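Work through the exercises below with the model open. Try each task before reading its solution.

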Amino acid sequence: MTPPKYITQTYQPLNDRLKAQGVRLVAVSKTKTVAEIMTLYQAGQRDFGENKVQELLQKKALLPDDICWHHIGHLQTNKVKYIAPFISLIQSVDSLRLLQEIDKQAALNGRIIDCLLQIHIAQEETKFGLTPAEAADLPANDAYRALQNVRIVGLMGMASFTENTGQIRNEFGQLRQLFDMLKNTCFAKKTYFKELSMGMSSDYAIAVEQGATIVRIGSLLFGERP
Ligand SMILES: *Cc1c(COP(=O)(O)O)cnc(C)c1O
């Protein structure tokens, strides 16, 4: 099958620009086919993000082993066991209960699993995530401190779905401030706490300007989802 040309035409310049700024591109491949993923893989892309465990497992089985899979989106506790053997980064940890399950499954697999805390920054009600206060309280929690097999390597957030770029900038800016605050306090000795995942197709440029180290881009690379 001939890979769609537009994928690599958009990908190369975007990835080059992001790389030059020290930003990692996670290609969000949800709903996209294995052939479409292979197109980007052959162009050099290794980080891919999916939001459904079943879909992720099906694709992983058919794709090269050196892909780094990211789980991006709400993760149900009872599904952690399926991705624990291989997942590279769980980007949307939104409760201590989920973190405890990840820790348990990581231990069973003899691994340490890297995670991001998802922070609720948007004004919309529907988005998952911890409040900034909940995130700031977590490191002092005894149940959290007992965990041996998870590593919180940073924060993740989604801005409001709006045309108002001022508002988006403000929300990313708040996440960046929280990140800096945590980095200088409870995570001060943790050099691995260094990732700030924010920005999607429509707002990644603002996110990069506000200090993102990871952007999660789907439709801009692969075309609109159905
Ligand atoms: C789908 C999704 C993205 C990518 O969205 P695009 O607008 O297609 O770039 C990024 N982050 C999360 C959490 C998503 O669910």
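**Exercise 1. The ligand shell**

Task: List the residues around the ligand, then sort them by class.

Solution. Start with the list: V28, K30, I72, M156, M158, M200, S201, R216, I217, G218, S219 and R225 surround the ligand. A residue belongs here if one of its heavy atoms lies within 4 Å of the ligand. Next, sort: the shell holds 6 nonpolar, 3 polar and 3 charged residues. Ala, Val, Leu, Ile, Met, Phe, Trp, Tyr, Cys and Pro count as nonpolar; Asp, Glu, Lys and Arg as charged; the others, Gly among them, as polar.

Two notes on the input. This is a predicted model, in which local features need pLDDT of at least 70 and side-chain atom pairs count only at pLDDT 80 or more, while totals for chains, interfaces and linings use all residues. Residues are numbered from 1 along each chain as its sequence is written, and side-chain values use heavy atoms, with hydrogens and water left out.

**Exercise 2. Polar contacts to the ligand**

Task: Find what S201, R216 and R225 each approach on the ligand.

Solution. A polar contact is a pair of N or O atoms within 3.5 Å; within protein, one must be able to donate a hydrogen and the other to accept it, and residues adjacent in sequence count only if both atoms are side-chain atoms. Take S201: a polar atom of its side chain is 2.5 Å from a ligand oxygen. Then R216: an N or O atom of its side chain lies 2.9 Å from a ligand nitrogen. Last, R225: an N or O atom of its side chain sits 2.7 Å from a ligand oxygen. Now check the cover: of the 390 Å² that the ligand exposes when taken alone, the protein buries 90%. Areas come from the Shrake-Rupley method with a 1.4 Å probe; for residues, only the protein chains shown count as cover.

**Exercise 3. Strands 2, 3 and 4**

Task: Work out the pairing of strand 3 with strand 2 and with strand 4.

Solution. Strands (E, at least two residues) and helices (H or I, at least four) are DSSP runs, numbered from the N terminus. Two strands pair if DSSP finds at least two bridges between them. Strand 2 (residues 47–50) and strand 3 (residues 68–71) run parallel, joined by 4 bridges. Within this pair, G49 is bridged to H70. The connection passes from strand 2 through helix 3 (residues 53–62) to strand 3, a right-handed β-α-β crossover. Right-handed means that, with the strands pointing away from the viewer, the path from the first strand over the helix to the second runs clockwise. On to strand 4 (residues 89–93): 2 bridges tie it to strand 3, again in parallel. Here H71 has I90 as its bridge partner.

**Exercise 4. Strand 6 and its neighbours**

Task: Is strand 6 largely enclosed or not, and which strands does it bridge?

Solution. Buried means under 20% relative accessible area, exposed over 50%, and partly exposed in between (1.4 Å probe, protein chains only). Strand 6 (residues 150–157) has 7 of its 8 residues buried, so the rest of the structure largely encloses it. Strand 5 (residues 113–119) runs parallel to strand 6, with 7 bridges. Q118 is bridged to M156, and M156 is also one of the residues around the ligand. Strand 7 (195–198) is parallel to strand 6 too, through 4 bridges. There L155 stands opposite L196. Helix 8 (165–184) carries the chain from strand 6 to strand 7 in a right-handed β-α-β crossover.

**Exercise 5. Burial and side-chain contacts**

Task: Classify D114, K59 and T191 as buried or exposed, and find their partners or neighbours.

Solution. D114 lies in strand 5. Its relative accessible area is 19%, so D114 counts as buried. The D114 side chain makes a polar contact of 2.9 Å with the side chain of R151. K59 belongs to helix 3. At 7%, K59 is buried. Its side chain meets that of E55 in a polar contact of 2.8 Å. Residues three or four places apart in an α-helix point the same way, because there are 3.6 residues a turn. T191 sits in the loop between helix 8 and strand 7. Its 67% relative accessibility makes T191 exposed. T191 and V153 are 38 residues apart in sequence, yet their C-alpha atoms are 8.6 Å apart.
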